[in-house]
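Please look over the structure shown below, and then follow the account from one surface to the next.

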There are 2 protein chains.
Amino acid sequence: MMIGDLARKTSTKVNTVRYYEDIGLLPKPARTASGRRTYTESDVRKLSFVRHSRGFGFSIDEIRSLMEISDSPKQDCEAAAKIAQEHLEKIDTQIIQLTSLRDALKSFATSCSGGSAEHCEIIGALNRLNPAVD
Amino acid sequence: MMIGDLARKTSTKVNTVRYYEDIGLLPKPARTASGRRTYTESDVRKLSFVRHSRGFGFSIDEIRSLMEISDSPKQDCEAAAKIAQEHLEKIDTQIIQLTSLRDALKSFATSCSGGSAEHCEIIGALNRLNPAVD
DNA sequence: TTACAACCTCCAGTAACTGTAGAAGCAAGA
DNA sequence: TCTTGCTTCTACAGTTACTGGAGGTTGTAA
């Protein structure tokens with residue numbers, strides 16, 4: 001199949017497929033006489049794996065490792081478990097941070113009752129608070 | 001004061017201060033005879049505002065608008081309220097998405113009990129599920 | 001034959017910095 | 001005075017994971 005078919009089957013943009021090839025995440029496909037890429041069902045599976053993993057928020061580098069493990073079925077999957085576990089922890093941390101950020105933001109963002117900027121709660125909070133939050 | 005002092009006072013990297021100047025977020029400071037930037041307390045306040053806003057997750061463009069409002073105290077702060085409200089909604093959405101992602105990930109990431117990759121729950125889930133999640 | 005879609009390569013842009021190279025300035029101590 | 005070492009300067013490349021576009025070719029259907 002052509003690149004457009006592969007892209008459609010995996011809900012991926014054509015440019016993105018080429019990008020994955022560029023960075024070595026997908027193997028270089030065979031080409032027709034005129035230079036067009038041709039793909040097989042194996043490519044559909046590989047790309048699906050990639051897209052699915054991206055959907056779970058894994059980075060390209062993590063996906064690289066996961067694919068390697070997936071491609072060598074006899075290997076111990078400890079490494080995969082480690083990647084997934086660390087990723088889970090990263091997401092948990094993000095949720096915690098975002099939640100406390102949301103609470104702080106909410107407490108002043110909702111207290112603005114309009115009027116001139118000099119009395120605005122929002123601008124005030126941004127100006128008043130100590131330098132740099134981090 | 002010199003750029004290093006400003007950076008220290010606001011917990012910002014020197015390169016980042018210059019970057020903010022480059023993109024017009026901070027005014028171009030006066031220079032010494034030898035070309036070094038010199039800053040005042042006003043710059044400390046401006047940069048603090050920026051850093052603090054970044055801490056709340058506002059984008060550079062949003063901060064640009066917020067600073068403009070902050071600099072014209074007589075203006076109505078409706079625009080600031082709108083920016084903050086929209087930002088709050090963005091964060092709420094992010095939290096919801098991350099949470100559902102976390103739950104999905106958790107359900108298979110924790111079910112891996114080791115062994116060979118061909119029987120691994122994690123690799124299995126990534127391979128098995130339908131093409132592309134989005 | 002003439003459209004027109006799909007393909008090709010190459011490159012720039014996104015967000016918000018961070019890091020580095022190479023050169024110059026400045027202050028303090030020997 | 002010289003040297004050492006820190007700070008500053010400009011300019012540019014790299015980060016992440018794509019996305020979009022320019023300019024050109026190929027394949028196919030009417």
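In this predicted model, a convenient starting point is helix H2 of chain B, which with three residues gives the most to the surface near DNA strand C. Helices H1 (3-9) and H2 of chain A, along with H2 and helix H4 (60-71) of chain B, each supply at least two residues of that surface. In total, 18 residues surround DNA strand C, and the closest are A:Met2, A:Gly4 and A:Arg37 from one chain and B:Ser59 and B:Ile60 from the other. Sorted by class, the surface near DNA strand C holds five nonpolar, seven polar and six charged residues.

Turning to the other strand, 18 residues lie around DNA strand D, of which A:Ser34, A:Ser59, B:Met2, B:Gly4 and B:Arg37 come nearest. Here helix H2 (14-22) of chain A, and on chain B both helix H1 (3-9) and helix H2 (14-22), each supply at least two residues. The residues of the surface near DNA strand D divide into six charged, seven polar and five nonpolar.

How is chain B laid on chain A? A turn of 180° with a shift of 0.0 Å along the axis superposes chain B on chain A with an RMSD of 0.2 Å, and the two copies are therefore related as by a two-fold rotation axis. Among the residues of chain B, B:Ile95 comes closest to this rotation axis, its C-alpha lying at 3.1 Å. The contact between the chains can be described in similar terms: 100% of the interface residues of chain B are also interface residues in chain A, so the copies meet through the same surface.

Definitions and conventions. Residues are numbered from 1 along each chain as its sequence is written. Chains are lettered from A and ligands numbered from 1 in the order in which they are written. This is a predicted model: local features need pLDDT of at least 70, side-chain atom pairs count only at pLDDT 80 or more; totals for chains, interfaces and linings use all residues. A residue is near a molecule or strand if its C-beta atom, placed from the backbone, lies within 6 Å of it. Helices (H or I, at least four residues) and strands (E, at least two) are DSSP runs, numbered from the N terminus. Ala, Val, Leu, Ile, Met, Phe, Trp, Tyr, Cys and Pro count as nonpolar, Asp, Glu, Lys and Arg as charged, and the others, Gly among them, as polar. Copies are superposed by least squares on the C-alpha atoms of residues with pLDDT of at least 70 in both. Two residues are in contact if their C-beta atoms, placed from the backbone, lie within 7 Å.
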